[in-house]
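Work through the exercises below with the structure open. Try each task before reading its solution.

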Amino acid sequence: MIRLSRTKKVMLLCFAIILIIVANRISTVQHLTARIATNLYVNLKYQDLDLEYQNVEFSPQFGDYSVAYKDKDGKVYGFMVTPKSMPVIILHDPLSETP
């Protein structure tokens with residue numbers, strides 16, 4: 001097992017965070033980040049609905065990502081994820097009862 005000093009651990013963590021932020025400037029990574037964020041959200045909040053991922057696309061009209069999931073009955077739900085540069089905030093949840 002590799003032993004690192006506290007300073008090196010902090011530097012390594014800072015480097016990883018900077019790398020993630022820089023990588024999120026690439027469109028493919030943004031799509032993947034939006035998909036992962038909604039996947040975590042759906043699995044934590046709606047695990048009983050058995051939603052299946054369909055696709056993710058950037059919506060230039062809103063400047064956000066739209067991630068689609070389909071339930072076992074075939075109904076499609078679109079989640080909006082923002083911001084474009086680091087899509088991790090679920091802006092719109094179609095299954096939420098609050099507007």
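**Exercise 1. A bridge partner**

Which residue in β4 is the bridge partner of Met80?

Solution. The model is a predicted one. Begin with the strands: β3 covers residues 76-82, and 3 bridges join β3 to β4. The two strands run antiparallel. Now read across from Met80: its bridge partner in β4 is His92.

**Exercise 2. The sheet and its helix**

Give the strand order, find the edges, and place helix α2 against the sheet.

Solution. Step one is the order. 4 strands form an open sheet, arranged β1-β2-β3-β4, with antiparallel pairing. Step two is the edges. β1 (52-59) and β4 (89-92) each have a single partner strand, so one side of each lacks a neighbour in the sheet. From one strand to the next, the twist averages 35°. Step three is the helix. α2, residues 27-45, packs on the sheet and touches β1, β2 (64-70), β3 and β4. The direction of α2 makes about 50° with that of β2.

**Exercise 3. The hairpin of β1 and β2**

Count the bridges between β1 and β2, then find the residue with positive phi in their hairpin.

Solution. β1 and β2 pair over 7 bridges, in the antiparallel sense. One pair to check is Asn55, whose bridge partner in β2 is Ala68. Next, the turn: 4 residues lie between the strands of this hairpin. There Gly63 takes a positive phi near 75°.

**Exercise 4. Backbone exceptions**

Most residues other than glycine have a negative phi, and most peptide bonds are trans. Examine Asp50 and the bond joining Thr82 and Pro83.

Solution. Take Asp50 first. Its phi is near 55°, a positive value in a residue other than glycine. Asp50 lies in the loop between α2 and β1. At 53% relative accessibility, Asp50 counts as exposed, because the cut-off is over 50%. Now the peptide bond. Thr82 and Pro83 are joined in cis, with omega about -15°. Pro83 is in the loop between β3 and β4.

**Exercise 5. The salt bridge**

How many salt bridges does a search of the whole structure find? Identify the partners and state whether each is buried or exposed.

Solution. The search finds 1 salt bridge. Lys45 pairs with Asp93, and their closest N and O atoms are 3.8 Å apart. The pair links distant parts of the chain, 48 residues apart. Lys45 is in helix α2, whereas Asp93 is in the segment after β4. For burial, compare each value with the cut-off: buried means under 20% relative accessible area. Asp93, at 10%, is buried. Lys45, at 44%, is partly exposed.

**Exercise 6. A nonpolar surface patch**

Which residues form a nonpolar patch on the surface? Then describe the setting of Leu4.

Solution. The patch consists of Ile2, Leu4, Leu12, Phe15 and Leu19. Together they have about 550 Å² of accessible area. Leu4 lies in the segment before α1 (6-23). With a relative accessible area of 36%, Leu4 is partly exposed.

**Exercise 7. A distance across the fold**

How far apart are Val22 and Ser66, in sequence and in space?

Solution. Locate Val22 first: it is in helix α1. Val22 counts as exposed, at 52% relative accessibility. In sequence, Val22 and Ser66 are 44 residues apart. In space, their C-alpha atoms are 22 Å apart.

Notes: Residues are numbered from 1 along each chain as its sequence is written. This is a predicted model: local features need pLDDT of at least 70, side-chain atom pairs count only at pLDDT 80 or more; totals for chains, interfaces and linings use all residues. Side-chain values use heavy atoms; hydrogens and water are left out. Patches are made of residues with over 30% relative accessible area and no salt bridge: like charges are joined within 9 Å, nonpolar side chains (Val, Leu, Ile, Met, Phe, Trp, Tyr) within 5 Å. Accessible areas come from the Shrake-Rupley method with a 1.4 Å probe; for residues, only the protein chains shown count as cover. A salt bridge is a side-chain nitrogen of Lys or Arg within 4 Å of a carboxyl oxygen of Asp or Glu. Buried means under 20% relative accessible area, exposed over 50%, partly exposed in between (1.4 Å probe, protein chains only). Two strands pair if DSSP finds at least two bridges between them. Axes are lines fitted to C-alpha atoms, for helices over the stretch in contact, and angles run from 0 to 180 degrees between N-to-C directions. Contact means heavy atoms within 4.5 Å.
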